[in-house]
Amino acid sequence: MSQHVVVIGGGVIGLCTAWYAAQRGLRVTIVERGGPMRSGCSFGNAGMIVPSHIVPLAAPGMVATALRMMWNRESPFYVKPRWSADLLRWGYRFWRSATAKHVARSAPLLRDLHLASRALYEELADGCNNDFDLIRAGLLVLCKTERALAEEAHLVTLAHAHGMPAEVVDAAAIAALDPQVRYDVLGGAYFPKDGHLSPDRFMASLQSWLQQRDTVRFAWHTGVNALRLSGRRIEAVATTAGDLPCDEVVLCSGVWSAGLAQGLGLSLPLQAGKGYSLTLDQPRRLPRLCAIAAEARLAITPMGTRLRVGGTMEFAGLDERITESRVRGIVRSFAKYYPEFQEADFAGVQPWSGLRPCSPDGLPYLGRPARFDNLVIAAGHAMLGLSLGPITGKLATQLICHESPEIELQLLSPDRFEP
């Protein structure tokens, strides 16, 4: 009988892990608190595959930028005032991590993870006639100010230093790269290795593939209460539907991973960074390229015939409610970069929100905690969960199979914040 792997969480990390584990002949049960038609972070995100993102969220200048933004109710960053010892500890660790040394150490690893994941996406697309709309045309960063343009020029230089193609472009070059829409920008940057897809269609494809396999089972609408221990091993996952005996466990339930880890005595600092998106089903124009609006921190992605606009980082705890002022900020900012659009285009569009799991140093957790023999943690990807989904699933499977992972994971150790 093959090993039984319990995957806790049915988001993109969980489904990718289940996919690669099933490919290796393992039996897999995916435990998901939602249902087959859920709408978490893996569905409403910007759908970007971003090898350009080699700088972790915790980087020099981010604390000052966040403090400057958070007083504006429509800004892309906000921390809800509340007493939370966990938030204070997380913020202190973020401040300590936001250094040039941390960026220099993290950039090569993020580059390797993103490029490996991009290659896996290409394999998956080739295997299913690209039914999730993978587009490999690059990404634009749009800048309206000299300050933002200077920051992007620095990132282009950093990309070149790590062997990544990138170029600074003026407004005319942006218009030539994507002539299907009109931009109101000073210039920006172009990263040709980036791309995008339709995340809901990708998730539907993965789910369909897995449901067709005899060795994979979904436990829908099932919560996890605890992980039952026997010495250094987890012998069963205690769920709302009963206990699931297991040989291996992969904990990849997003921001909710922290609570389950805490039940094992592990320190896995995570804060929920709430993001929003709005999707136009019949946009008046459809860009060819996905883009990031630098000053507004917006992500804009064509998805088939639809157009998705997303953004914000709102730290308000495990609160998925929509804050209307943040949505207004997204709509108003978008129209400033894409002048052919109007705020009225979004009238009646239902906003989506999701809780991104953010670690204090801007890197995901991926690895085995030293205190347990059959647990792998794969969480804390923040805005990069979709981009890093396939490589995370493949590496988690290599760990399950007690193989040396093909990419060195020391910086991603889930023990790195242990006392």
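What follows is a walk through two sheets, a strand pair, two helices and a few single residues of a predicted model. Residues are numbered from 1 along each chain as its sequence is written. Because the model is predicted, local features need pLDDT of at least 70 and side-chain atom pairs count only at pLDDT 80 or more, while totals for chains, interfaces and linings use all residues; side-chain values use heavy atoms, with hydrogens and water left out.

Let's start with the six-stranded sheet. Helices (H or I, at least four residues) and strands (E, at least two) are DSSP runs, numbered from the N terminus. Two strands are said to pair if DSSP finds at least two bridges between them. On that basis, 6 strands make an open sheet with mixed pairing, in the order S9-S2-S1-S13-S20-S19. Strands S9 (216-219) and S19 (365-367) sit at the edges with a single partner strand each, so one side of each has no neighbour in the sheet. From one strand to the next, the twist averages 20°; axes here are lines fitted to C-alpha atoms, for helices over the stretch in contact, and angles run from 0 to 180 degrees between N-to-C directions.

Within this sheet, S1 (residues 4-8) and S2 (residues 27-31) run parallel and are joined by 5 bridges. Val 6 stands opposite Thr 29 in S2. Thr 29 turns up again at the edge strand: Ala 219, which belongs to S9, is in contact with Thr 29, Ile 30, Val 31 and Glu 32, leaving aside its neighbours within four places in sequence. Contact means heavy atoms within 4.5 Å. Ala 219 is buried, with a relative accessible area of 11%. Buried stands for under 20% relative accessible area, exposed for over 50%, and partly exposed for anything in between (1.4 Å probe, protein chains only).

Helix H1 (residues 12-23) lies across S1, S2, S9, strand S13 (248-251) and strand S20 (375-379). Relative to S2, H1 runs at about 170°. Val 12 is also where Ser 42 comes in: the side chain of Ser 42 reaches the backbone nitrogen of Val 12 at 2.7 Å. Ser 42 itself is found in helix H2 (residues 41-44), and at 10% relative accessibility it counts as buried. Apart from neighbours within four places in sequence, Ser 42 is in contact with Gly 11, Val 12, Pro 199 and Met 203.

The second sheet is made of 3 strands. It is open and antiparallel, in the order S10-S11-S12. S10 (224-230) and S12 (242-245) are the edge strands, each with a single partner, so one side of each is left without a neighbour in the sheet. Direction ignored, neighbouring strands of this sheet are turned by 30° against each other on average. S10 and S11 pair over 6 bridges in the antiparallel sense, and Ser 230 has Arg 233 as its bridge partner in S11. Their hairpin has 2 residues between the strands, and there Gly 231 takes a positive phi near 65°. On the other side, S11 (residues 233-239) is joined to S12 by 4 antiparallel bridges, with Val 237 opposite Leu 244 and Thr 239 partnered by Gly 242. S11 and S12 also form a hairpin with 2 residues between them. S11 is mostly covered, with 5 of its 7 residues buried.

Another strand, S18 (residues 352-358), has 7 of its 7 residues buried. In a regular strand the side chains alternate between the two faces of the sheet. In S18 both faces are covered: Trp 352, Gly 354, Arg 356 and Cys 358 on one side, and Ser 353, Leu 355 and Pro 357 on the other, are all buried. S18 runs antiparallel to S14 (residues 271-280), to which 7 bridges join it; one such pairing puts Lys 274 with Leu 355.

Finally, there is a bent helix. H11 (residues 385-400) has 16 residues, yet its end C-alpha atoms are only 20 Å apart, short of the 22 Å that a straight helix would reach at 1.5 Å a residue. That expected span is 1.5 Å times one less than the number of residues. H11 has a kink of about 35°, centred on Ile 391, where the bend at a residue is the angle between axes fitted to the seven residues ending there and the seven starting there. As for cover, 15 of the 16 residues of H11 are buried. Just after H11, His 402 takes a positive phi of about 60°. His 402 and Ala 219 are 183 residues apart in sequence and 26 Å apart in space, C-alpha to C-alpha.

Notes. A polar contact is a pair of N or O atoms within 3.5 Å; within protein, one must be able to donate a hydrogen and the other to accept it, and residues adjacent in sequence count only if both atoms are side-chain atoms.
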